[in-house]
Amino acid sequence: MIGKTNLSVGEAQARVLRHVPLGGVEEVPLECSLGRVLAGEVRANRDLPPRDVSAMDGFAVRSADLAGAGAVLTVIEDIRAGDRPQRSVAGGQCARIMTGAPVPSGADAVVRVEDTRALSGDRVEILVPVKAGDDIRLRGETLRNGDVALAAGTEITPGAVGVLAAVKRARVLVRRRPRVAVLSSGDELEALDAPFDPERIPESNGHALMAQVRALGIEPAYLGIARDEPEELAAYLRRGLEHDVLLVSGGSSVGTHDHVRPALEALGVTLHFWCVEMKPGHPVALGTRDERLVFALPGNPVSSMVCFEQFVLPALRAFMGHSRLFRRDVTATLAHAVKHKPGRTEFVRVTLRRGADGGLTASSTGMQSSGNLCSMAQADGLLIVPADCDGLAAGAAARVQLLDGAGFEVASVFAENAP
Ligand code: AMP
Ligand code: MG
């Protein structure tokens, strides 16, 4: 049996990442690819744009005709996107052209319709000086046939979906998602659909953890509640180990009824750590059996969620082929002092507010007990108090790891020059 491991958060994360396998590859329809990671590079199958085209609705002109403003030209043709120009533009001539339409031979610039004035007959006056190349998008300026449009490992954002459609990929090769099982353990737990009993503790960890998994685009399997009884627990764990990743909460500490770690070891799981110098979340374990990962998470509701954020989230993202594994953090000014005893990295649940100077201010959500699940529901982020720190003063700068939803701003409209 593994001895007590007093790792820092960073050391434990590194150990997790050393043991995460890269998920295999599958093909999915383009419409289902959002958020997935490309397993191979994708190349352009034509030049984009396919020809020199107009960037504006206006007139295709010869810049040599327009050295000064006020030239009058004769319109010889109307060209729309998808048309093939029929005529060449000669001196004193121009063609009416729509955005995306091919520029006819002879023309070397486009003038916006707003910069012209229609005259009688087929004539138009050009009101501005024009240079060669103005408002023309060159053939292949976005992509050349055969270019890498998206590299392997690219996360498929809405922009990438647009590119995939533009290079005609109706099906996309992506990294598969892990199969994740969620198990709760504890005799005291009352299932969501069980009759109300005021003496019992409602099972919340499993549901919060499943929501954290779903937020990463993975549909987990819920295994339910295992009692604190070694054989029953082993049966549940065995089922859980059929998945790529098993999350067990509760029973992972050193209490008389905490059977999770010995039960895992009895099933052939190798434990790589079971204590991390963090608060909340001290008793958290990583185990592996073959390519399967098991996280034994603390029972306390906040601890299990915070440990998910630090260890499970980067593991699941690494499996899916992401290169950005961690939550983004921001620097915020503390609205008040934060007490801290050196030793463990602390994650303080905070709300964030943007101040008049444009900077972010962090305020504690209040009571920071690891049983106070409401603090997780209220938090915009987790303020990181480094292990060696002996407290932070009001007004000090601190790192805040953003939680779901904190990537969005409270504002009524877009402000061009925010302070
Ligand atoms: P344990 O690690 O099993 O000693 O659990 C620590 C605390 O977390 C105890 O107060 C448990 O009742 C509570 N707890 C454990 N599992 C859950 C759960 N699934 N939902 C809510 N609370 C839990
Ligand atoms: Mg328990």
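Domain bounds here come from an automatic or database domain assignment. That assignment gives domain 1 (9-24 + 178-319), domain 2 (27-47 + 153-175), domain 3 (53-137) and domain 4 (329-417). Colour these four ranges before you start.

What you have open is a predicted model, in which local features need pLDDT of at least 70 and side-chain atom pairs count only at pLDDT 80 or more, while totals for chains, interfaces and linings use all residues. Residues are numbered from 1 along each chain as its sequence is written, and side-chain values use heavy atoms, with hydrogens and water left out.

**Stop 1: the domains**

Select domain 2 and domain 4: their C-alpha centres lie 36 Å apart.

**Stop 2: the open sheet**

Next, show the cartoon. Helices (H or I, at least four residues) and strands (E, at least two) are DSSP runs, numbered from the N terminus. Two strands pair if DSSP finds at least two bridges between them. Six strands form an open sheet with mixed pairing, in the order β16-β13-β17-β21-β20-β18. Which strands stand at the edges? They are β16 (221-226) and β18 (270-273); each has a single partner strand, so one side of each is left without a neighbour in the sheet.

Neighbouring strands of this sheet are turned by 20° against each other on average, direction ignored. Axes are lines fitted to C-alpha atoms, for helices over the stretch in contact, and angles run from 0 to 180 degrees between N-to-C directions.

At the β18 edge, three bridges join β18 to β20 (residues 285-289), and the two run antiparallel. Select Leu 271 to find Gly 287 of β20 opposite.

**Stop 3: strand β13**

Now pick β13 (180-185). Five bridges join β13 to β16 in parallel, and β13 also pairs with β17 in the parallel sense over five bridges. Ala 181 makes a handy marker: Ala 221 in β16 stands opposite, and so does Leu 246 in β17.

Show the side chains. In a regular strand the side chains alternate between the two faces of the sheet. Here Val 180, Val 182 and Ser 184 point one way, and Ala 181, Leu 183 and Ser 185 the other. Are these residues buried or exposed? All are buried, where buried means under 20% relative accessible area, exposed over 50%, and partly exposed in between (1.4 Å probe, protein chains only).

**Stop 4: helices on the sheet**

Contact means heavy atoms within 4.5 Å. Select α1 (9-19): this helix lies across β18, β20 and β21, running at about 145° to β18. Then select α4 (residues 230-240), which packs on the sheet and touches β13, β16 and β17. The direction of α4 makes about 170° with that of β16.

**Stop 5: the largest core**

A nonpolar core is a set of buried Ala, Val, Leu, Ile, Met, Phe, Trp, Tyr and Cys residues joined through side-chain atoms within 4.5 Å. The largest one has 43 residues; Leu 247, Met 278, Phe 295, Phe 308, Phe 311 and Leu 316 touch the most other members. Helix α6 gives the most to this core, with twelve residues. Domain 1 and domain 4 both contribute residues, so this core lies between them.

**Stop 6: Gln 401**

Finish in strand β26 (residues 397-402), at Gln 401. Gln 401 is buried, with a relative accessible area of 10%. Which side chain makes a polar contact with the side chain of Gln 401? Look for Gln 310, at 2.8 Å. A polar contact is a pair of N or O atoms within 3.5 Å; within protein, one must be able to donate a hydrogen and the other to accept it, and residues adjacent in sequence count only if both atoms are side-chain atoms.

Key
Chains are lettered from A and ligands numbered from 1 in the order in which they are written.
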